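Biologist: Could you take me through one helix of this model in detail, together with the core beside it? I would like the cut-offs too, please.

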Amino acid sequence: MTSFLEFLVGLLTGVLSGFGVGGGTLLILYLTGMAGVSQYAAGGINLLYFLFCAPAALVSHIRNRLIEGQAVIWCTAAGILTSLLAAWIAGMVDVRLLRRIFGVFLLYIGIRELRAKPSEKEK
């Protein structure tokens, strides 16, 4: 039953990741809250997981002409640098503090999304 549940969680979070909804965040919540995986291991699993989810979403976005080449270059450069810096800092931070920071971040994003007004395109 556990393997089937993990398969379902992987499937659901993969679909959500493809839509850009935040499946990776939900995967981390599941791994740390339900599966008992440490925060560092959950982050590593999430990064590996993303390597397999991202290409499918990328192909769809390219087909729908939703990718801007210039933005890709700048975002990739900034992402590489900040990811390396964040990984280095996270390696020095106590796991309990890291979990609290992640929880506050999720609360902030959730509240912000709940309070967001729909754009003209969404109406």
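Modeller: Happy to; here is a close look at α3 and its surroundings. This is a predicted model, in which local features need pLDDT of at least 70, side-chain atom pairs count only at pLDDT 80 or more, and totals for chains, interfaces and linings use all residues. Residues are numbered from 1 along each chain as its sequence is written, and side-chain values use heavy atoms, with hydrogens and water left out.

Helices are DSSP runs (H or I, at least four residues), numbered from the N terminus. α3 has 25 residues and reaches 35 Å from its first C-alpha to its last, close to the expected 36 Å (1.5 Å times one less than its number of residues). Along α3 there is a kink of about 30° at Leu51, shortly before Pro55; the bend is the angle between axes fitted to the seven residues ending there and the seven starting there. After α3 comes Arg65, with a positive phi near 55°.

Buried means under 20% relative accessible area (1.4 Å probe, protein chains only). In α3 that applies to Gln39, Ala42, Asn46, Tyr49, Cys53 and Ala57, and their cover includes α1 (2–19), α2 and α5 (95–115).

Ala42, Tyr49 and Cys53 also belong to the largest nonpolar core, which has ten residues; such a core is a set of buried Ala, Val, Leu, Ile, Met, Phe, Trp, Tyr and Cys residues joined through side-chain atoms within 4.5 Å. Its largest share, four residues, comes from α2. Another member is Phe102, which is in contact (heavy atoms within 4.5 Å) with Thr25, Ile28, Leu29 and Gln39, leaving aside neighbours within four places in sequence.

How values were computed
Buried < 20%, exposed > 50% of the residue type's maximum accessible area, 1.4 Å probe, protein only. Helix = DSSP H or I, 4+ residues; strand = E, 2+ residues; numbered from the N terminus.
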